[in-house]
Amino acid sequence: MSLRQLLFVSVFCLVVTSPVQADQGINDRLLIHEMRSLASSICSNVLVFYNQNGSPFVEQNRQSYQQSLVKLEGLSSQLNRPIITEHVRTLVASVDDTSELPQSGAALRATAPGFTLWLLPVVESHYQLQSDLDALYKATEPNADGKADVGLHTLSQRLSELMVGYQVAAFSRLGAEQWVMAEEAVIEHDQEVLALFERLTVDHPDISPAVERSHRYYTFTRPLLLNQTGNWAPNAVERFLALALGELNHLSVE
């Protein structure tokens with residue numbers, strides 16, 4: 001049994017034996033949101049790992065997307081939706097195919113391959129999976145606009161979209177122009193993010209310290225997100241948005 005298979009079995013056992021803590025609709029919503037976050041993290045980290053506009057081949061980024069893939073497969077088995085399972089398999093296969101790429105700066109200089117042959121399918125399969133997960137999430141969304149978890153999930157999703165959008169834009173000659181966020185969309189997302197941070201802090205003071213920490217991470221990253229003119233910093237954007245997302249996603253499952 002391969003290391004990936006062993007990790008998958010371990011994660012799957014943890015997932016399926018977890019006690020039920022709420023009704024099925026809430027469980028599904030949390031599960032779907034976690035899968036959305038993992039998919040965005042995987043796509044972002046793969047692009048960061050190979051992006052020569054930043055600091056490529058950082059082993060921590062590779063470990064991050066490999067671990068997230070294993071967890072995503074386990075959650076997909078728990079969700080048990082055939083179309084989602086198929087999209088997850090496609091994403092896993094597209095990431096596995098990137099092993100054909102050089103895995104170090106020295107190997108890259110020796111071969112100078114065409115990155116889009118392997119990386120574009122990662123972006124495509126990520127967006128296909130996200131689209132279906134978004135539709136499922138909306139179908140389970142409660143009629144309670146003021147609920148903290150709804151606001152946290154929305155804020156987390158907007159940050160994830162900004163993160164992936166930035167990594168796609170920052171990767172030269174990727175061939176994924178259709179998924180590059182327009183400047184107007186970036187600004188709209190930014191304004192929604194700022195409004196959500198403020199609303200959560202005011203309406204839910206019990207979680208405001210963690211929300212404020214997430215806000216600080218976003219504030220550090222925000223000038224880079226709003227000034228996508230070629231001075232790319234993919235590693236910094238991924239690192240600080242991942243920290244911001246970590247705070248929010250931890251709150252949403254407490």
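In this predicted model, Tyr50 touches Pro56, Phe57, Tyr65, Thr98, Ser99, Leu101, Pro102, Gln103, Phe115, Leu119 and Phe171, when residues up to four places away in sequence are not counted. Tyr50 also belongs to a cluster in which ring pairs link it with Phe49, Phe57 and Tyr65.

**Nonpolar cores**

The largest nonpolar core has 40 residues, and within it Met35 and Tyr50 touch the most other members. At least two residues of this core come from each of helix H2 (24-50), helix H3 (59-79), H4, helix H6 (116-140) and H7. The greatest contribution is that of H2, which gives 11 residues. A second core of 24 residues is separate, and Ala170, Val186, Tyr218 and Leu251 are included in it. As a general background, nonpolar side chains in soluble globular proteins tend to be buried together.

Helix H4, one of the contributors to the largest core, covers residues 82-97. Its 16 residues should span 22 Å at 1.5 Å a residue, and its end C-alpha atoms are 23 Å apart, so the expected and modelled spans agree. The buried residues of H4 are Ile84, Thr85, His87, Val88, Leu91, Val92, Ser94 and Val95. An α-helix has 3.6 residues a turn, so residues three or four places apart point the same way.

Helix H2 also holds Ser41. Is Ser41 buried or exposed? Ser41 has a relative accessible area of 18%, and since buried means under 20%, it counts as buried. Apart from its neighbours within four places in sequence, Ser41 is in contact with Ser64, Ser68 and Met163.

**Salt bridges**

How many salt bridges does a search of the whole structure find? The search finds eight. Three of them are set out below, each with the distance from N to O and the positions of the partners.

| Salt bridge | N to O distance | Positions | Separation in sequence |
|---|---|---|---|
| Lys71 and Glu34 | 2.8 Å | Lys71 in helix H3, Glu34 in helix H2 | 37 residues |
| Arg36 and Asp134 | 3.0 Å | Arg36 in helix H2, Asp134 in helix H6 | 98 residues |
| Glu192 and Arg158 | 3.0 Å | Glu192 in helix H8, Arg158 in helix H7 | 34 residues |

Each of these bridges links distant parts of the chain: Lys71 with Glu34, Arg36 with Asp134, and Glu192 with Arg158.

The surroundings of the partners can be described in turn. In the bridge between helices H3 and H2, Lys71 is partly exposed, with a relative accessible area of 36%, and Glu34 is likewise partly exposed, at 27%. Arg36 and Asp134, by contrast, are both buried. Arg36 has a further partner in Tyr137: the charged end of Arg36 sits over the ring of this tyrosine, 4.2 Å from the ring centre.

In the bridge between helices H8 and H7, Glu192 has a relative accessible area of 30% and is partly exposed. Arg158 stands at 22% relative accessibility; the limit for a buried residue is under 20%, so Arg158 counts as partly exposed. Arg158 and Glu192 are also joined with Glu161 in a network of salt bridges.

**Aromatic pairs**

A search of the whole structure finds nine aromatic pairs. One of them is formed by Tyr166 and Trp232, whose rings meet edge-to-face, 5.3 Å centre to centre and with 75° between the planes. This pair links distant parts of the chain, as Tyr166 lies in helix H7 (residues 148-170) and Trp232 in the loop between helix H9 (208-226) and helix H10 (234-252), 66 residues apart. Tyr166 is buried, with a relative accessible area of 1%.

A further aromatic pair is that of Phe220 and Phe240, which is tilted: the centres are 4.3 Å apart and the planes are at 40°. Phe220 in helix H9 and Phe240 in helix H10 are 20 residues apart, and this pair too links distant parts of the chain. Phe240 has 17% relative accessibility and therefore counts as buried, the limit being under 20%.

Technical notes. Residues are numbered from 1 along each chain as its sequence is written. This is a predicted model: local features need pLDDT of at least 70, side-chain atom pairs count only at pLDDT 80 or more; totals for chains, interfaces and linings use all residues. Side-chain values use heavy atoms; hydrogens and water are left out. Rings of Phe, Tyr and Trp (its six-membered ring) pair if their centres lie within 6.5 Å; planes under 30 degrees apart count as stacked, over 60 as edge-to-face and the rest as tilted. Helices (H or I, at least four residues) and strands (E, at least two) are DSSP runs, numbered from the N terminus. Buried means under 20% relative accessible area, exposed over 50%, partly exposed in between (1.4 Å probe, protein chains only). A charge sits over a ring if NZ of Lys or CZ of Arg is within 6 Å of the ring centre and within 35 degrees of the ring normal. The expected span of a helix is 1.5 Å times one less than its number of residues. A nonpolar core is a set of buried Ala, Val, Leu, Ile, Met, Phe, Trp, Tyr and Cys residues joined through side-chain atoms within 4.5 Å. Contact means heavy atoms within 4.5 Å. A salt bridge is a side-chain nitrogen of Lys or Arg within 4 Å of a carboxyl oxygen of Asp or Glu.
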